[in-house]
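Ready for a walk through a protein chain? Open your viewer, switch to the cartoon display and follow along one selection at a time.

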Amino acid sequence: MITTHALTKRFGRTVAVDAVDLRVREGDRYGFLGPNGSGKTTLVRMLLGLVYASSGEIEVLGRPMPRRAAEVLPQVGALVEGPGAYAHLSGRRNLVLLDAAGGGARRSRRARIEEALDRVGLAAVDQRPVKAYSLGMRQRLGLAAALLGRPRLLVLDEPTNGLDPQGIKEIRDLLVELNAHGTTVFLSSHLLAEVEQLCTRVGIVDRGRLVLEDDLAVLREPTGRVLVATPDVAQAAAVLDGRLESRAGEALVVRHDDPAALNARLVAAGVRVHAIRAERRTLEQVVLEVTGTGSDRFGVPP
Ligand SMILES: Nc1ncnc2c1ncn2[C@@H]1O[C@H](COP(=O)(O)OP(=O)(O)OP(=O)(O)O)[C@@H](O)[C@H]1O
């Protein structure tokens with residue numbers, strides 16, 4: 001759906017995007033994750049033909065961008081940095097103008113607009129002008145605009161900016177639902193938790209470079225260690241016979257890849273097991289490993 005090769009953008013001496021090879025497949029919910037200033041917005045703008053690359057190649061929906069933008073963009077819904085809207089007009093009126101500009105069939109326009117407003121939770125919105133909207137409402141309106149053409153691909157730059165936790169959850173549910181019906185979702189975010197909860201694939205960008213790209217399921221595969229909680233620590237250590245990696249109070253870390261078998265062995269030896277599970281890395285740990293810097297550079301959700 002999206003492929004880039006050695007994609008680079010320089011602003012004077014600043015290399016905002018540095019030789020990025022991106023691969024977004026059909027059906028992905030792809031999280032492009034990086035701290036503020038790491039080049040996410042610049043990359044998203046290049047994908048959409050809003051900014052020219054300094055060098056490198058881009059394909060969106062199998063076609064080179066920006067050369068084939070006229071064919072590609074009608075199939076892409078985009079929400080980039082602060083949705084633009086005419087502030088003195090209502091949300092509906094804005095969508096009418098956008099839909100007309102996008103060449104949507106006139107007869108079905110009203111239905112299309114009501115469906116888009118409904119999807120983003122703005123169905124009950126009245127005639128108030130957009131300038132009276134909260135930031136969250138504007139963000140939803142931007143998303144409704146992105147959905148008007150029933151796109152195959154959604155490209156969203158920080159789509160939950162300005163939304164409260166309930167609003168964030170609604171947008172997440174909506175994106176999962178659209179994805180289940182075949183829409184590929186590419187979103188940029190500086191929020192670890194947002195990407196971890198929503199995405200199936202993640203690209204981590206640090207100072208313009210893509211430092212890791214993989215499926216979340218792969219990144220979160222069991223580490224080969226099992227976490228055990230037991231009050232019978234000494235007894236457990238004897239049974240575990242050199243496999244005990246560390247302990248803190250009643251929490252043990254054991255080198256083992258089968259929690260069920262380990263549990264059976266401990267219980268058979270009379271060790272009480274209060275909890276047991278395979279260890280998996282969190283996305284935060286993955287980010288720490290590949291960026292080598294504190295995850296405090298990444299935002300935490302409100
Ligand atoms: N038009 C521009 N002129 C000069 N420098 C720019 C321009 N746009 C972006 N930059 C620089 O490029 C780098 C990447 O910026 P970009 O906005 O793409 O990052 P970002 O990850 O989207 O951050 P944020 O989430 O804060 O928007 C920054 O150092 C920024 O200052």
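Two strands pair if DSSP finds at least two bridges between them. Keep that idea at hand for the strands on this tour. One more thing before setting off: what you see is a predicted model.

**Stop 1: the whole chain**

Select everything. The chain has 302 residues, and 35% of them count as buried. Its secondary structure comes to 11 helices and 15 strands. Along its principal axes, the C-alpha trace spans about 75 × 45 × 30 Å. Now think about contacts between residues at least 6 apart in sequence: 68% of these join residues at least 24 apart.

**Stop 2: a strand on the inside**

Select residues 184-189, which make up strand β9. How many of the 6 residues of β9 are buried? The count is 6 of the 6, so β9 is largely enclosed by the rest of the structure. Show the side chains and look along the strand. T184, F186 and S188 point one way, while V185, L187 and S189 point the other way, and all are buried.

Next, add residues 29-33, strand β4, which pairs with β9 in the parallel sense over 5 bridges. To see one of these bridges, pick L33: its partner in β9 is S189. Then add residues 153-157, strand β8, which runs parallel to β9 and is joined to it by 5 bridges. Here, look for L153, which stands opposite T184 of β9.

**Stop 3: the nonpolar core**

Which residues have the most contacts inside the largest nonpolar core? Select L47, A144, V155, F186 and V195 to see them; the core itself has 64 residues. Helix α5 gives the most to this core, with 7 residues. Apart from it lies another core, of 9 residues, including V228, V254, L266 and V271.

Now zoom in on V195. Leaving aside its neighbours within four places in sequence, V195 is in contact with G31, L33, S189, V202 and L283. You have already met two of these at the previous stop, where L33 and S189 were bridge partners.

**Stop 4: the shell around the ligand**

Select F11, T14, A16, G34, N36, G37, S38, G39, K40, T41, T42 and H190, the residues around the ligand. Colour them by class and you will find 2 nonpolar, 9 polar and 1 charged residues in this shell. Which elements each supply at least two residues of it? They are β2, residues 14-20, and α1, residues 40-47. The largest share, 3 residues, comes from α1.

**Stop 5: a helix with two faces**

Select residues 109-119, helix α4, and highlight I113, A116 and L117, which are buried. Turn the model until you look down the axis of α4: the buried residues fall within an arc of 100°, so they line one face of the helix. The face turned away from this buried side carries the exposed residues A111 and D118.

What do the buried residues of α4 pack against? Show residues 91-101, helix α3, and residues 135-147, helix α5, and you have both partners. Before leaving, click on G121, just after α4, which takes a positive phi of about 80°.

**Stop 6: a hairpin and a helix**

Select residues 244-248, strand β13, and residues 251-255, strand β14; they run antiparallel and are joined by 4 bridges. Within this pair, R247 stands opposite L252 of β14. The two strands form a hairpin with 2 residues between them, and G249 in the turn has a positive phi of about 60°.

From here, move to helix α9, residues 233-240, and pick A237. Is A237 buried or partly exposed? It has 17 other C-beta atoms within 10 Å, and a residue needs 20 or more to count as buried, so A237 is partly exposed. Draw a C-alpha to C-alpha distance from A237 to V254: the two are 17 residues apart in sequence and 9.5 Å apart in space.

**Stop 7: a glycine in a loop**

Finish with G62, in the loop between β5, residues 55-60, and β6, residues 63-64. G62 counts as exposed because it has 12 C-beta neighbours inside 10 Å. Try one last distance, from G62 to T3: they are 59 residues apart along the chain, and their C-alpha atoms are separated by 8.1 Å.

Methods. Residues are numbered from 1 along each chain as its sequence is written. This is a predicted model: local features need pLDDT of at least 70, side-chain atom pairs count only at pLDDT 80 or more; totals for chains, interfaces and linings use all residues. A residue is near a molecule or strand if its C-beta atom, placed from the backbone, lies within 6 Å of it. Ala, Val, Leu, Ile, Met, Phe, Trp, Tyr, Cys and Pro count as nonpolar, Asp, Glu, Lys and Arg as charged, and the others, Gly among them, as polar. The arc is that of the directions from the helix axis to the C-beta atoms. Two residues are in contact if their C-beta atoms, placed from the backbone, lie within 7 Å. A nonpolar core is a set of buried Ala, Val, Leu, Ile, Met, Phe, Trp, Tyr and Cys residues joined through C-beta atoms within 7 Å.
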